[in-house]
Every structure is written in C-alpha cells, then in structure tokens.
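Trainee: I would like a close look at a single part of this protein, with enough of the surroundings to see how that part fits in. Please take it slowly and spell out the reasoning.

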Amino acid sequence: MTKVYLLGSLRNPKVPVAGKYLRDMGFEVFDDWYAAGHEADDMWRDYELSRGRNFEQALREGHAASHVFNYDHYHITNSDIVVMVTPCGKSGHMEFGFCRGRAMPGFIYFEEMPERWDVMYKFATDLAFSATQLREQLRPYVGYEYQGPLVQQEFIGENL
C-alpha cells in the first residue's frame with residue numbers, strides 16, 4: 001500500500017480531514033504527528049526557556065528536539081509520496097523541500113487561494129485547488145512505491 005506522509009500545521013484543523021480523505025482513497029497515511037496538539041511547539045519553547053536554553057541550545061542539545069526530529073524523519077523517509085495541506089508553516093515547507101530534493105513525488109493542496117503568492121510552489125509535482133483535483137492527481141499513485149532518489153527521476157514541476 002502506498003504510504004503518504006501528510007504535511008500541515010499543528011494549528012490546521014483540515015489535516016485530520018485530509019488524512020481521512022486520503023485513507024478513503026486507499027492510501028496508508030502518516031499524520032500521527034498531529035496528535036501532539038496545536039500548542040506543541042510553544043510548549044517545547046517554553047519548557048526549554050525555563051531550563052535556561054535558547055533556541056540554538058534547544059536544537060543542538062535538547063532530547064525533545066532530537067526525538068521529534070528523528071520521529072518525523074523516520075516516517076518521511078519511509079513514505080512513498082508527500083502531500084502538504086495549506087496553510088502550512090516553516091516545518092512543513094522544510095519537510096516538503098527535503099522530500100522533493102530526494103525526488104519523492106510531492107503534492108500541495110490549497111483549499112483556498114493563498115493571500116500571498118509564491119512561484120516556488122512550482123517545485124511540487126502538482127498543485128491541487130480542490131479535493132476533486134487532488135483525488136485525480138493522486139489516483140495514479142495508488143499502489144506506487146518510491147524507489148529512492150537515485151532510481152526515481154522526475155522533472156520538478158512537470159505538471160505545472
């Protein structure tokens with residue numbers, strides 16, 4: 001079964017809805033990161049600051065940062081495709097870029113037209129502006145298995 005890593009914001013209530021939608025299409029979806037809750041990043045920051053660590057120290061020395069990063073990294077690298085639900089923050093965009101840099105197929109779903117436009121979304125395999133459009137774009141990937149960056153060669157933005 002094709003594994004989808006679902007990207008989004010911890011503050012975006014559309015993430016679990018998108019996860020169910022993709023599961024109903026026949027994909028295995030990893031969106032468990034969403035269970036941390038919408039304040040997870042703020043709570044981590046406050047905890048590290050209470051220990052006297054700044055952002056750099058928390059990233060370099062903190063066990064929490066290492067564990068969360070390794071958790072996400074494991075599931076990203078064991079997925080076949082990535083779907084990002086917007087709006088999405090810095091983490092989601094970094095993860096999306098990592099996946100596309102490995103030539104993993106990556107799709108971005110915009111439920112609404114973004115207020116700020118950005119041409120770099122052309123790095124995506126494709127963009128969807130409706131659930132129906134996303135379904136059509138992903139249909140060929142049911143049963144797809146990512147072969148890795150050296151085997152899977154794809155022109156970035158081939159459908160844009």
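What pattern does the protein follow when read along the sequence? With that in hand, could you take me strand by strand through the open sheet?

Mentor: Please keep in mind throughout that this is a predicted model. Read along the sequence, the protein follows the pattern β-α-β-α-α-α-β-α-β-β-α, which comprises six helices and five strands. Those five strands form an open sheet in the order β2-β1-β3-β4-β5, and the pairing is parallel. The edges of this sheet are taken by β2 and by β5 (126-128), each of which has a single partner strand, so that one side of each is left without a neighbour in the sheet. Between neighbouring strands there is an average turn of 25 degrees against each other, when direction is ignored.

Let us start with β1, which covers residues 3-7. Four of its five residues are buried, and β1 is therefore largely enclosed by the rest of the structure. On one side, β1 is joined by three bridges to β2 (residues 28-30), and the two run parallel; within this pairing, V4 has V29 of β2 as its bridge partner. The connection is made by way of helix α1 (residues 14-24), and β1, α1 and β2 together make a right-handed β-α-β unit. β1 also pairs with β3 (residues 81-85), over four bridges and again in the parallel sense, and here L7 has M84 of β3 as its bridge partner.

From β3 we can go on to β4 (residues 106-109), to which β3 is joined by four bridges, the two strands running parallel. Two positions let you follow this pairing on the model: V82 stands opposite G106 of β4, and V83 stands opposite F107 of β4. Helix α5 (residues 90-101) packs on the sheet, where it touches β1, β3 and β4, and its direction makes about 155 degrees with that of β3. The helix also links two of these strands, since β3, α5 and β4 make a right-handed β-α-β unit.

In β4 it is worth looking at the two faces separately. In a regular strand the side chains alternate between the two faces of the sheet. Here G106 and I108 lie on one side, F107 and Y109 lie on the other, and all four are buried, so both faces of β4 are covered. β4 is then joined to β5 by three bridges, with the two strands running parallel, and I108 has L127 as its bridge partner in β5. With that step we have arrived at one of the edge strands, the other being β2.

One residue outside the sheet helps to show how strand and helix come together. D72 has its place in helix α4 (residues 63-77), and it counts as buried because its relative accessibility is 14%, which falls under the 20% cut-off for that class. Leaving aside its neighbours within four places in sequence, D72 is in contact with Y5, W33 and E95. Of these, Y5 falls within β1, residues 3-7, and E95 falls within α5, residues 90-101, so a single acidic side-chain position can be used to find your way between these elements on the screen. The remaining partner, W33, is 39 residues from D72 in sequence, while their C-alpha atoms are 7.5 Å apart in space.

A contrasting position is A40, whose place is in helix α2 (residues 40-50). With a relative accessible area of 22%, A40 is partly exposed. A40 and F123 are 83 residues apart in sequence and 29 Å apart in space, C-alpha to C-alpha.

Finally, here is the whole protein around the sheet. For 160 residues a compact globule would have a radius of gyration near 15 Å, and the 16 Å of this protein agrees with that. The C-alpha trace spans about 50 × 35 × 30 Å along its principal axes, and 41% of the 160 residues count as buried. Among the contacts with a separation of 6 or more, 64% are between residues 24 or more positions apart. The accessible surface comes to about 9,900 Å², and carbon and sulfur atoms account for 57% of it.

How values were computed
Residues are numbered from 1 along each chain as its sequence is written. This is a predicted model: local features need pLDDT of at least 70, side-chain atom pairs count only at pLDDT 80 or more; totals for chains, interfaces and linings use all residues. Side-chain values use heavy atoms; hydrogens and water are left out. Buried means under 20% relative accessible area, exposed over 50%, partly exposed in between (1.4 Å probe, protein chains only). Two strands pair if DSSP finds at least two bridges between them. A crossover is right-handed if, with the strands pointing away from the viewer, the path from the first strand over the helix to the second runs clockwise. Axes are lines fitted to C-alpha atoms, for helices over the stretch in contact, and angles run from 0 to 180 degrees between N-to-C directions. Contact means heavy atoms within 4.5 Å. The radius of gyration is taken over C-alpha atoms; the globule rule is 2.2 Å times the number of residues to the power 0.38. Accessible areas come from the Shrake-Rupley method with a 1.4 Å probe; for residues, only the protein chains shown count as cover.
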